[in-house]
Amino acid sequence: MVGLGRDFGPVRALADVTMSVAPGEIVALLGPSGSGKSTLLRICAGLEEATAGRLLFGGADQAGIPPHQRDVALVFQHYALYPHLSALDNLTLALRYGRKMPKAQAVARARETLDMLGIGALARRRPAQMSGGQRQRVAIGRALARRARVVLLDEPMSGLDAKLRVELRVEIVALLRRLGSTALFVTHDQAEAMAVGDRVAVLDAGRLEQLDTPDEIYDRPASRFVATFVGSPP
Ligand code: ADP
Ligand code: MG
């Protein structure tokens, strides 16, 4: 992304963000509430238009390409599974109608994905028959089942308790690695960003303050804001 910006009327949600993410890399987007993290993801997903700058995937300008034609998967903060469908059918439906995949292939892919997330045994359960953590795994599985090249995760574990968050984030990262996905992982939790990201992008008020490895961010914060936010020693 080059000079990416987004205004909502008088509100500058994102200003002049330039970064490039390598294939297979996981970048954590870290910033306080309102810093523009979700706006950046939504632009990448095609759900929001940038008002300045350009977004390129592998050199191809994404302007005007609708969400379903982009090679991206989005894991939302507030996931919505179909309550009347089993875990397996939630994944299968997305593949058959979103990706026009033949039924047998979609079922096989859905099963494989649920297995990778450790919930293969729950394939026949409906969301109401699962715990919060299990439902979240299904929602993540539904996004990852597409095997999109770029995976966008917007605070995918908010609402879970601390122990479950750590457990799930380890699994998500392992899965992203296994699939070779390029990922942007949004969080407002500095420890989570440091644990998940190959590099961490720190946002403040729509601006990219620093993009570096977790060690660099911690040892050499580029601004007072970054130092305070990640809790570096003075
Ligand atoms: P974050 O995800 O980091 O909390 P957001 O990207 O959601 O931040 O929001 C960044 C800024 O843009 C905030 O000031 C927010 O109020 C504003 N904003 C986001 N979406 C809209 C919208 N659809 N209309 C108006 N303002 C918006
Ligand atoms: Mg947000």
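This section describes the fold of a predicted model, the surroundings of its ligand and several individual residues.

The secondary structure of the chain comprises eight helices and 11 strands. The radius of gyration is 18 Å, which agrees with the value near 17 Å expected for a compact globule of 234 residues. Along the principal axes, the C-alpha atoms occupy a box of roughly 50 × 40 × 30 Å. Buried positions account for 38% of the 234 residues. Of the contacts between residues at least 6 apart in sequence, 64% link residues that are at least 24 apart.

At the start of the chain, strand 1 (residues 2–8) pairs with strand 2 in the antiparallel sense, over four bridges. The two strands form a hairpin with two residues between them. Gly9, in the turn of this hairpin, has a positive phi of about 55°. Phe8 has Val11 of strand 2 as its bridge partner. Both Phe8 and Val11 also belong to the set of residues around ligand 1.

The remaining residues around ligand 1 are Ala13, Gly31, Ser33, Gly34, Ser35, Gly36, Lys37, Ser38 and Thr39. Two elements, strand 2 (11–17) and helix 1 (37–45), each give two or more residues to this shell. The largest share, three residues, comes from helix 1. By class, the shell around ligand 1 contains seven polar, three nonpolar and one charged residues.

Helix 1 is itself mostly covered, with eight of its nine residues buried. The buried positions are Lys37, Ser38, Thr39, Leu40, Leu41, Arg42, Ile43 and Cys44. Lys37, Ser38 and Thr39 are thus listed both as buried residues of helix 1 and as residues around ligand 1. Just after helix 1, Gly46 adopts a positive phi of about 90°.

In soluble globular proteins, nonpolar side chains tend to be buried together. The largest nonpolar core of the model has 57 residues. Within this core, the members that touch the most other members are Ala28, Leu29, Leu152, Leu184, Phe185 and Ala201. When residues up to four places away in sequence are not counted, Leu29 touches Lys37, Leu40, Leu184, Phe185, Val186, Ala201 and Leu203. Two of these partners, Lys37 and Leu40, are among the buried residues of helix 1. Lys37 is also one of the residues around ligand 1.

Two further positions illustrate buried and exposed surroundings. Pro156 lies in the loop between strand 8 (150–154) and helix 5 (162–179). Pro156 counts as buried because it has 25 C-beta neighbours inside 10 Å, where 20 or more are required. Apart from its neighbours within four places in sequence, Pro156 is in contact with Val75, Ile140 and Ile172. The C-alpha atoms of Pro156 and Ala52 are 27 Å apart, and the two residues are separated by 104 residues in sequence.

Leu56 is found in strand 5 (residues 56–57). Leu56 has 12 C-beta neighbours inside 10 Å and therefore counts as exposed, the limit for that class being 12 or fewer. Leaving aside neighbours within four places in sequence, the contacts of Leu56 are with Asp61 and Gln62. Leu56 and His188 are 132 residues apart in sequence, with a C-alpha to C-alpha separation of 25 Å.

Conventions:
Residues numbered from 1 in each chain as written. Chains lettered and ligands numbered in written order. Predicted model: local features only at pLDDT ≥ 70, side-chain atom pairs only at ≥ 80, totals over all residues. Near = placed C-beta within 6 Å. Nonpolar A, V, L, I, M, F, W, Y, C, P; charged D, E, K, R; others polar. Core = buried A, V, L, I, M, F, W, Y, C linked by C-beta atoms within 7 Å. Contact = placed C-beta atoms within 7 Å. Rg over C-alpha atoms; globule rule 2.2 N^0.38 Å. Pairing = 2+ DSSP bridges.
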